[in-house]
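Hi everyone, thanks for making time for this. I'd like to walk you through some charged pairs and one helix, so let me put the sequence and structure up on the screen.

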Amino acid sequence: KQPKEIMATHTLLIRGGTVVNEDCAVRADVLVSGGRVTRVAPRIDDAPAGARVVDAAGMLVMPGGIDAHTHLQMPFMGTESIDDWESGTRAAVAGGTTTVVDFVIPAKTESFVAAVHKWKQRATMARCNYALHCAVTRWDKQVSDDLAVLANQEGVSSCKHFLAYKGALMLNDTELIASFSRCRELGILPSVHAENGDLISWKQQELLRQGITAPIGHPLSRPADMEAEAAGRSCTIAAEVGAPLVVVHNTCKGSVDAIHRARKAGLTVFGETTAIHLTKDESEYSNKDWIHAAHHVLSPPLRSREDVKYLWNALYEGTIQYVATDHCTFSTQQKMMGKDDFTRIPNGCQGLEERMLLVWENGVVKGKLTFEKFVEVTSSFVAKLHNLYPQKGAIREGSDADIVIWDPKKTRIISAKTHQSKIDFSVFEGFVTSGSPYMTLVNGVVEYEDGKVVGKPGDGHFVPRPTFGFAYGGLKHTVGCQAQK
């Protein structure tokens, strides 16, 4: 249900734009009222009195972006990611994203239910809508029981499993099997961070013994074959248990190939990649500026230029289905924690504001993606995967009015001087995009307009998600071009 103030005060007529869904693009007007899309038609001349008319001529009217992989205000590696729920979601709406799915990270002995409640409390300052995953950081009876509460009472129906970060977040195979099995019973969608944590831990110590302490040690300690091995192992375990699986932030040919083999064998396996892995490569770690190199430290690390090309091909042909960010930001001061030891550099980069800009420029502008495919990989597929569709991820009558009006001629230059994130560095500094959001609506409320964030903290709402659904074979329909009917 929408709050009464939204029902009463926000009626907009978006006129003259091209409405783009995952399966069609058609010129149409869109009427928004009460936080939802109430009408899509070739021409609407009978909007309610007092409705604001937004001229979208020459622009694209698309479902707001959904970023399925964020870490806001996350305790990690002895510090906490610098973007909180206000600044992180401010960046989101400035980039056309209207829903984030953030990861709850329970402490080793913490109740998962208590951890979810803590995350929900932090998120009261959100400017966009949000859903939650929960990381499985250990395995015992309490965790098994807590997962049932999360799925059936808290609206949290997806769980992440780390195969890296030994001694902190990493699970062993026995724990992974138990968790996947419980997820299958409850209709929870499991995902994995696929890297071989045991090998990484060994490799890190070997490099440090050799005197390698700079950021270049990070990619050297986490080569692509360690990611490929863990992706393949996860697919095998999921297949034997009978659970669906999402392999998140794929970065290399080996992990993509593992997913391709699993899907070709008829397994329910999905692949995610991130905006930065589609844009930048491992050469960043050789930069002589320590701060520059350290700000590119994330896991899995950036790969070769050939891997970047392979990811784009996988996205186009469907082995990788969507693009997220893994937004997890740390200031220069925080990155300096690893000045003399690359293993202590907090892992993470930004992307919430930049994701759709980068996919547009590198995908649509360069002829790799159609408008419809752009919507699919930035919004609609994630909505389906996480049981939010067609409430979100579509411009259709009855859908939530989470909308981005995209101006394909509006240039934006990405810079730390102008971005919304709290981070004092941009890994995309100077990147120029030839298209960007003109307006972002969340629940029918204008949150961003013509270069300015105009909404307020707390405008976003928690979005509970049901169990089972798409990943378990529960979604068959598509939107269709309503405006043509």
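Let's start with a question: which residues are linked in a network of salt bridges? They are Arg15, Arg27, Asp29, Arg43 and Asp45. Please keep in mind that what you're looking at is a predicted model.

As background, side chains with opposite charges can pair if their charged atoms come close. Across the structure there are 32 salt bridges. I've picked three pairs to look at one by one.

The first is Asp198 with Lys166, a salt bridge whose closest N and O atoms are 3.0 Å apart. This one links distant parts of the chain, with the partners 32 residues apart. Asp198 belongs to helix H6, residues 197-209, while Lys166 sits in the loop between strand E11 (158-162) and helix H5 (173-186). What about their surroundings? Asp198 has 40% relative accessibility, so it counts as partly exposed. Lys166 counts as exposed because its relative accessibility is 53%, and the cut-off for exposed is over 50%.

Next up, Lys253 and Asp257. Their side chains meet in a salt bridge, at 2.7 Å from N to O. Here both partners lie in helix H9, residues 253-264, and they are 4 residues apart, about one turn of the helix. Is Asp257 buried or exposed? Asp257 has a relative accessible area of 17%, and buried means under 20%, so Asp257 is buried. Its partner Lys253 is partly exposed, at 40%.

The third pair is Arg412 and Glu353, a salt bridge with 3.3 Å between the closest N and O atoms. Again the pair links distant parts of the chain, 59 residues apart. Arg412 is in strand E17 (residues 412-413), and Glu353 is in the loop between helix H12 (332-335) and H13. Both Arg412 and Glu353 are buried.

That loop brings us to H13 itself, so to speak, our last stop. How many residues of H13 are buried? The helix spans residues 355-365, and 10 of its 11 residues are buried, leaving H13 mostly covered. Among the buried ones are Arg355 and Glu361, along with Met356, Leu357, Leu358 and Trp360. Asn362 and Gly363 are on that list too. And if you like backbone angles, have a look just after H13, where Gly367 takes a positive phi of about 80°.

That's my tour, and I'm happy to rotate the view for anyone who'd like another look.

Conventions:
Residues are numbered from 1 along each chain as its sequence is written. This is a predicted model: local features need pLDDT of at least 70, side-chain atom pairs count only at pLDDT 80 or more; totals for chains, interfaces and linings use all residues. Side-chain values use heavy atoms; hydrogens and water are left out. Buried means under 20% relative accessible area, exposed over 50%, partly exposed in between (1.4 Å probe, protein chains only). Helices (H or I, at least four residues) and strands (E, at least two) are DSSP runs, numbered from the N terminus. A salt bridge is a side-chain nitrogen of Lys or Arg within 4 Å of a carboxyl oxygen of Asp or Glu.
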